[in-house]
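Visitor: Could you take me through one part of this protein up close? I'm new to this, so plain words please.

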Amino acid sequence: MEDQNFQRLFCGIQTYDWGMKGEDPLCQVFQIYEKAHFQYRYKDNRNMLKKSDNYAEIWMGTHPNLPSQNDQGKPMTEKLKFLFKVLSIAQPLSIQIHPNKAQAQVLHKSQPKLYPDSNHKPEMAIALSHFEALIGLAPKDEIIKNFQRQFFINQEFFFGRNPKIIYYIGEGQWNSFKNSGDPDDKETLKRIIGTILNWPDQILLEVLEQYNWPVKCCPSLLEAYGNIKDMDLGYIFALIMNHVTLKPGDAFLINPGQIHAYLYGNIIEVMANSDNVIRCGFTKKPRDTKAMIEIIETNMSDFNKVDPIIVRKKGYLQKQYVTNYEEFLCISHQVDRGVKSDIFPIMKNAIIICLLGQGPNISYLKRGMCNDNERNEFVNRIV
């Protein structure tokens, strides 16, 4: 921000199919977009907002795919190292991974339309509501249990035989994974994933038809079942991934190469300034099987939870979400009801968003006053 002054940002939205409808009272993206834009810039044109549209993401930052603007309708002058988003998710996002810096440079050079920049994309997500996701590969014993579960054919259960998923993986390859004494047999699992990613549609159809999908692999997918392709490779990955449920304030970190898919809810995302995504399921967008096999990390473990540092002072509660990435951190600043907030430090090139309450005059951020029936909450993206 120029001369260390604050300026109001006007930020773009993404209307992807998986986003919540604006008419959904749970859709945080719509609520933020309406408040930030139509109370200040388009006061007399509120009918421009269509509540029947999807409001999937709001982007705050300088990424060229959707840069924020200042009050004069001009792009921000500072080139930020981070990208700040709010997501409102009604149905599953794609099964995806992100590259590290070296991998991103290669991908951008070879396929610039698919990979629009040469940066890595580690990201942290903080739940704003009940939130569900598939994050990382599950522990080995859970993967084995899911692949060998009872399976369903012609209204009867069969026991003692390998299901077709193991047959088409290759029983030799499967037994090598299952019987190895290594609880972190990453190389064999990587080969298994490569086999699955290269299945033709007919094999995928046979495998998926044998299970009572999707309830057996991930109950939260049932509600979205009618909204995504029935025979989708994503359901196979649901068998080998951690199904995670978060409450507001919970956070996790996605490292480069870590497979993940968000299923439902509202989150804040903070990340390195990149839009590089490698996809393989639950998507109509282009898939890159070769890059997925090369880049996916096959560590089998729980997801990377981020526990905030809690700072409680008179008048406010602060939660500091910090990772080992220098590009970003996130601070939640919650002001007590009816109490004036002390001045709190903000470093250069921060983005502040008011999620609840009216917030102070952002041009003179010295003291803020909350109404008796409201509280203010600020989330600061800081470099």
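Visitor: Which residue is the bridge partner of E132 in β11?

Guide: That's T245. Keep in mind that this is a predicted model. The pair belongs to a bigger arrangement, so to speak: strand β8 covers residues 131–137, and six bridges join β8 to strand β11, residues 241–246. Those two strands run antiparallel. Now look at β13, residues 260–272, which is joined to β8 by four bridges and also runs antiparallel to it. There, A133 of β8 stands opposite Y262. How does β8 sit in the whole thing? Seven of its seven residues are buried, so the strand is largely enclosed by the rest of the structure.

Let's move on to helix α3, residues 140–147. Its buried residues are K140, I143, I144, N146 and F147. Seen down the helix axis, these fall within an arc of 165°, so they line one face of α3. The face turned away from that buried side carries the exposed residues D141 and K145. As for what the buried residues pack against, look for α4, α5, α6 and α8.

Helix α8 leads us to the nonpolar cores. The largest one has 44 residues, and I95, I165, W199, I236, F237 and I240 touch the most other members. Helix α8, residues 234–240, gives this core its largest share, six residues. Zoom in on W199: leaving aside neighbours within four places in sequence, W199 is in contact with I165, Y168, I169, L204, V207 and I236. Apart from this core lies another one, of 32 residues, including C11, M60, L253 and I268.

How values were computed: Residues numbered from 1 in each chain as written. Predicted model: local features only at pLDDT ≥ 70, side-chain atom pairs only at ≥ 80, totals over all residues. Heavy atoms only, no water. Buried < 20%, exposed > 50% of the residue type's maximum accessible area, 1.4 Å probe, protein only. Pairing = 2+ DSSP bridges. Core = buried A, V, L, I, M, F, W, Y, C linked by side-chain atoms within 4.5 Å. Contact = heavy atoms within 4.5 Å. Arc of directions from axis to C-beta.
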